[in-house]
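Thank you for asking me to look over this model. My comments are set out below as numbered points, to be read alongside the coordinates.

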Amino acid sequence: MLPRGGCNAPQRRNDISRSQPKTNEATPHAAEVVREYGPFAGTERIGGVTYDGRYVWAAAGAKLIAFDPESGKLERTLERAADAGTAFDGTHLYQIAEARIDKIDPKTGTVLKSIPAPGQGRDSGLAWAEGSLWVGQYRDRKIYEIDPETGTILRTIESNRFVTGVSWVDGELWHATWEADESELRRVDPQSGAVLKRLAMPSGTHVSGLESDGADLFYCGGGPTGKVRAVRRPPKRAKR
């Protein structure tokens, strides 16, 4: 099942483009945390998260875990390197593991293919949308659109904050920040890099990974807490 979070992204461009962030930013609003999951047994840290339409998958260092978002019960564990961002394309999982991105069969845990990660080990978030992978760069403050077959960079979007998780939902590009002990969820214009919406997480609550459920929630990795938090997504305004 293809999560709606991968739908309605802009069409892939054959030329490499760079988007610059604008200095004017949206006014921050308080994020609404509606539920917490974990910490899970044997899991000390959560990195990337994704959603396959049934389970939430979370990167936990030396393994990938999957839990039921309704019950909170841990359902699956794959013994695979899972350092940072995680994504799902409707069939396969993609996982950042140091300087590479692994394409994984979620049924067996088999790595089917690996491509170089654009940040060569400095990568953070990961998302799938419209045939591309979108990779966050933490300290470089960038989001790359890359070809999932070759790792070729197709687009670069600049941010003015450290980038952790990345997610597409309903044609909107969102990313998480974690800087100066503060975290936000931000919707940005994929062409200009302008910040269109800001959700400020509660004090002391950090976001290490981000994915939409395709509806009204974001799932947020909680870093060293070992937790995943569900955050309410603001409703999309109808076009006039």
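The points below go from the chain as a whole to its strands, its pocket and cavity, and some individual residues.

1. Overall content. This is a predicted model, and everything that follows should be read as a description of that prediction. The secondary structure of the chain consists of 22 strands and 0 helices. The chain has 240 residues, of which 57% count as buried. Among the contacts with a separation of 6 or more, 51% are made by residues that lie 24 or more positions apart.

2. Strand β6 and its two faces. In a regular strand, side chains alternate between the two faces of the sheet. Strand β6, which spans residues 64–67, is covered on both faces, since L64 and A66 on one side and I65 and F67 on the other are all buried. A reader who wishes to check this assignment should recall that buried here means under 20% relative accessible area.

3. The partners of β6. Strand β5 (residues 56–59) runs antiparallel to β6 and is joined to it by 4 bridges, and within this pairing A59 has L64 as its bridge partner. Strand β7 (residues 74–78) also pairs with β6 in the antiparallel sense, over 4 bridges, and here I65 stands opposite T77. L64 and I65, the residues named in these two pairings, are thus both among the buried residues of β6.

4. The two hairpins. The hairpin of β5 and β6 has 4 residues between the strands, and in it G61 takes a positive phi near 85°. In the hairpin of β6 and β7, which has 6 residues between the strands, a positive phi near 80° is found at G72. I would suggest viewing these two glycines together with the pairings described in the previous point.

5. The second largest pocket. This pocket has a volume of about 240 Å³, and it is lined by 15 residues, of which R45, A84, S124, T164 and S208 are the closest to its centre. The lining divides into 4 nonpolar, 7 polar and 4 charged residues. Strand β12, covering residues 123–129, gives the most to this lining, with 3 residues.

6. S208 at the pocket. Where does S208, one of the residues closest to the centre of the second largest pocket, lie with respect to the strands? S208 is placed in the loop between β19 (195–200) and β20 (209–212). Its relative accessibility is 14%, and S208 therefore counts as buried. The side chain of S208 has a polar atom 2.7 Å from the backbone oxygen of I46, and this side chain also reaches the backbone oxygen of G47 at 3.4 Å. Not counting residues up to four places away in sequence, S208 touches I46, G47, G48, T164, G165, W178, G221, G222 and G223. T164 in that list is itself one of the residues closest to the centre of the pocket.

7. The enclosed cavity. A search of the whole structure for cavities of 30 Å³ or more returns 1, and the largest cavity has a volume of about 50 Å³. Its lining is made up of 11 residues, with E158, S159, H175, V188 and G193 nearest the centre. By class, the lining comprises 5 nonpolar, 4 polar and 2 charged residues. β15 (153–158) and β18 (182–188) each supply at least two residues of this lining.

8. T177 in β17. T177 belongs to strand β17, which covers residues 172–179, and T177 is buried, with a relative accessible area of 3%. Leaving aside neighbours within four places in sequence, T177 is in contact with R161, F162, T164, E182, S183, E184, R186 and V207. T164 appears here too, having already been named among the contacts of S208.

9. R229 in β22. Is the arginine R229 buried or exposed? R229, which lies in strand β22 (residues 228–232), is buried, with a relative accessible area of 7%. The side chain of R229 is joined to that of E36 by a polar contact of 2.9 Å. Apart from neighbours within four places in sequence, R229 is in contact with V33, R35, E36, T205, H206, F218, Y219, C220 and G222. For H206, which is 23 residues from R229 along the chain, the C-alpha atoms of the two residues are separated by 9.8 Å.

Note on methods: Residues numbered from 1 in each chain as written. Predicted model: local features only at pLDDT ≥ 70, side-chain atom pairs only at ≥ 80, totals over all residues. Heavy atoms only, no water. 1 Å grid on protein atoms, 1.4 Å probe; cavity = no way out; pocket = protein on both sides within 12 Å on 5 of 7 lines; lining within 4 Å. Points joined across faces, edges and corners; volume = space filled by probe spheres on them. Nonpolar A, V, L, I, M, F, W, Y, C, P; charged D, E, K, R; others polar. Buried < 20%, exposed > 50% of the residue type's maximum accessible area, 1.4 Å probe, protein only. Polar contact = N/O pair within 3.5 Å; in protein donor to acceptor, adjacent residues only side chain to side chain. Contact = heavy atoms within 4.5 Å. Pairing = 2+ DSSP bridges.
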